[in-house]
2 protein chains.
Amino acid sequence: MLVVLPEGEAHHVSRVLRLRTGDSVRVFDGRGREWAARLVPSARRSATTVELVAEVAPIPEPSVRVTLAAGILKGDHMDAIIRDATMMGAAEIVPLVTEHVTVPKKAWQGSAALERWQRVAIASAKQCGRAVVPEIAAPAELAAVLTTHAGQSIAMFVEPAVGADATPVAGTPLAPGGTLLVLIGPEGGWSSAEVTQGRTAGAVLVHLGPRTIRADAMATAALAALAAVLNR
Amino acid sequence: MLVVLPEGEAHHVSRVLRLRTGDSVRVFDGRGREWAARLVPSARRSATTVELVAEVAPIPEPSVRVTLAAGILKGDHMDAIIRDATMMGAAEIVPLVTEHVTVPKKAWQGSAALERWQRVAIASAKQCGRAVVPEIAAPAELAAVLTTHAGQSIAMFVEPAVGADATPVAGTPLAPGGTLLVLIGPEGGWSSAEVTQGRTAGAVLVHLGPRTIRADAMATAALAALAAVLNR
């Protein structure tokens, strides 16, 4: 089967990697299928075409399906969250609009931000060898996300100051065969109303110890900690 | 007791935060003691002096004492390792000279690099609320570090391709009351000779799942995962 690569990947293959007809590549569909392939001549000069040689087994996805809902951070930092959550195996990422989000609406509303985040997720999947690109949802309010995930296990990561009744990550609840919604806040953390809202929806408050973790490092820290205790 | 702040901190207090005589600050000695303090007039205009008002209890250090030895990465990325390891509670950080380190010797040898890394660690301790600044050792070879830590628990993080006999983080061994040496490689990972060297020294090979984790994210990912399974 012949496949014409999307423009961005064609550029990467021919201009960055400088591959030629006959060279081998791996291609993936972003939904979990992966093939060994080789470059073949294209009808159009600007197109890059590959022939799928053999389907290969992709690396396995995590046993727990995680949705990461993350308070929207400033440009580069939100890109880091998307990139890192993809690398750490999140199945879905929801940019979260919360009380302490300071990024102006025009920076995250509409298709431009969403398309950029999708490009970031694709690039990260390529880099970490994952055949699945997590779905990036449109930015949503906390209440809407809690409603969508009603009845599922929910871990709400809180800062040390809020942590009086929070549990270490090892105490994260997980319904058998279940999915897990992971909530991380923006730079300013959660408002107390949001913490109450989370608790009311059944979220367990989880902490990463007494030190304050930078917001842009939270996707890596929270998902690595959860993977260590959940994916045995 | 009156304390004259070091130059960098004095600049931060008077020029960045624009604090004045009478304003409250927290000061720490980097070795685990912390005080509530207030700014007092200085004899010299350029100096910033504080009066220690009361010693306060610092946030607790992790129950497991971790030394992180990390393959030296390019400038910004090594700074990220130092910054993140401080935030994740490492007691000591050793820049590691390994076969696949590509950073030229002149970039990490001598006092300039060490002094920059120490500044990065101090800044990170302030940001995460930690009263202890981890010791940054001079760059060392893997063999020397393994010798120094002989008889201690050693976790050597390996890439997925090397992971045939590696254990998930939950399998990290820890002698009672012990300290833990954590080894993470540079961008190119470990050579097979280094993996053998680690095994011979008693290191347990540990992995973070089947995806490739970026080298500059490894301090956060590895230490968050370890903290989740060790500091209960």
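User: What rotation superposes chain B on chain A?

Analyst: Start with the general idea. Two copies of a chain are related by a rotation about an axis and a shift along it. Now the case here, in a predicted model. A rotation of 180° superposes chain B on chain A, with 0.0 Å of shift along the axis and an RMSD of 0.0 Å. That is the relation of a two-fold axis.

User: Which residue of chain B comes closest to the rotation axis?

Analyst: Ala225(B). The C-alpha of Ala225(B) is 2.1 Å from the axis.

User: How many residues does each chain bring to the contact?

Analyst: Chain B gives 28 residues and chain A gives 29 residues. On the chain B side, α2 (75–87) and α7 (218–230) each supply at least two residues. The largest share, seven residues, comes from α7(B). By class, this side of chain B has 17 nonpolar, six polar and five charged residues.

User: Why can we say that the copies meet through the same surface?

Analyst: Compare the two lists of interface residues. 100% of the interface residues of chain B are also interface residues in chain A, so the copies meet through the same surface.

User: Which residues touch the most other members of the largest nonpolar core?

Analyst: First, the general idea. In soluble globular proteins, nonpolar side chains tend to be buried together. In this model, the largest nonpolar core has 123 residues, and Ala225(A) and Ala225(B) touch the most other members.

User: What does Ala225(A) touch, leaving out residues up to four places away in sequence?

Analyst: In chain A, Ala225(A) touches Val169(A) and Leu208(A). In chain B, Ala225(A) touches Ala224(B), Ala225(B), Ala227(B) and Ala228(B). Recall that Ala225(B) is the residue of chain B closest to the rotation axis.

Notes: Residues are numbered from 1 along each chain as its sequence is written. Chains are lettered from A and ligands numbered from 1 in the order in which they are written. This is a predicted model: local features need pLDDT of at least 70, side-chain atom pairs count only at pLDDT 80 or more; totals for chains, interfaces and linings use all residues. A nonpolar core is a set of buried Ala, Val, Leu, Ile, Met, Phe, Trp, Tyr and Cys residues joined through C-beta atoms within 7 Å. A residue is buried if 20 or more other C-beta atoms lie within 10 Å of its own, exposed if 12 or fewer, and partly exposed in between; C-beta atoms are placed from the backbone. Two residues are in contact if their C-beta atoms, placed from the backbone, lie within 7 Å. Copies are superposed by least squares on the C-alpha atoms of residues with pLDDT of at least 70 in both. Helices (H or I, at least four residues) and strands (E, at least two) are DSSP runs, numbered from the N terminus. Ala, Val, Leu, Ile, Met, Phe, Trp, Tyr, Cys and Pro count as nonpolar, Asp, Glu, Lys and Arg as charged, and the others, Gly among them, as polar.
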